[in-house]
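Let's take a walk through this structure together, with an eye on aromatic rings, charges and contacts. Have your viewer ready and follow along.

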Amino acid sequence: MTFRLELKVRDYECDLQGIVNNGVYFNYLEHARHEFLHANNIDFAKLAAEKINLVVVRSELDFKTSLKPGDEFFVEVIPTRLSKLKFGFRQRVIRKHDEKVAVDALVIGTSVNEKGRPFLPTEIDALFPIE
């Protein structure tokens, strides 16, 4: 299952070199993950009220090419089960007009209960089936 979110580079996201600042890509990836979860009926507010928190434990980004102001792009999100308690989001930021990959990423997460112990609630477990 691949989820895709379309976005456009805003001027203020760029640095003095005229390219998207490397830290901004984390925002693009996070926004796409949240939209993916929302599209799959994962309610952050409900989980938080139940004292369940989704957390990132590792992010790996490979920068391939730079985006510039006005570039239209999309972020792909592919959910991946990594272990009994960890899930991953394989993500790519792809420039729309030539389909060049700007960033290739793997973001690893889990969820923790009110005691800070990892576990996966039913709705998250179902979204990341063990293969």
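A good place to begin is a group of phenylalanines: Phe3, Phe36, Phe87, Phe89 and Phe128 form one aromatic cluster. Keep in mind that this is a predicted model.

Two members of that cluster deserve a closer look. Phe87 counts as buried, at 4% relative accessibility, and Phe89 is buried as well, with a relative accessible area of 4%. The ring centres of Phe87 and Phe89 lie 5.7 Å apart with the planes at 85°, and because an angle over 60 degrees counts as edge-to-face, that is the label for this pair. Phe89 also has a charged visitor: the charged end of Arg33 sits over its ring, 5.9 Å from the centre. You can find another such arrangement at Phe74, where the charged end of Arg4 sits over the ring, 3.7 Å from its centre.

Now step back to the rings in general. How many aromatic pairs does the structure hold? There are 8 aromatic pairs. One of them is made by Tyr25 and Phe63, an edge-to-face pair with 5.7 Å from centre to centre and 65° between the planes. This pair links distant parts of the chain, since Tyr25 belongs to helix α1 (residues 22-39) and Phe63 to strand β2 (residues 53-63), 38 residues apart. Are the two partners buried or partly exposed? Tyr25 has 3% relative accessibility, so it counts as buried, whereas Phe63 has a relative accessible area of 44% and is therefore partly exposed.

Next, follow strand β5 (residues 101-112) to Ser111, which has its place there. Ser111 is buried, because its relative accessible area is 0%. Which residues surround it, once neighbours within four places in sequence are left aside? Ser111 is in contact with Ile52, Asn53 and Leu54, with Phe87 from the aromatic cluster, and with Arg117, Pro118, Phe119, Leu120 and Pro121.

Our last stop is Lys100, in the loop between β4 (87-95) and β5. Lys100 is partly exposed, with a relative accessible area of 45%. Leaving aside neighbours within four places in sequence, Lys100 is in contact with Thr65, Val93, Ile94 and Arg95. If you would like a distance to check in your viewer, try Lys100 and Glu50: these residues are 50 residues apart in sequence and 41 Å apart in space, C-alpha to C-alpha.

Note on methods: Residues numbered from 1 in each chain as written. Predicted model: local features only at pLDDT ≥ 70, side-chain atom pairs only at ≥ 80, totals over all residues. Heavy atoms only, no water. Phe/Tyr/Trp six-rings, centres within 6.5 Å; stacked < 30°, edge-to-face > 60°. Helix = DSSP H or I, 4+ residues; strand = E, 2+ residues; numbered from the N terminus. Buried < 20%, exposed > 50% of the residue type's maximum accessible area, 1.4 Å probe, protein only. Lys NZ or Arg CZ within 6 Å of the ring centre and 35° of its normal. Contact = heavy atoms within 4.5 Å.
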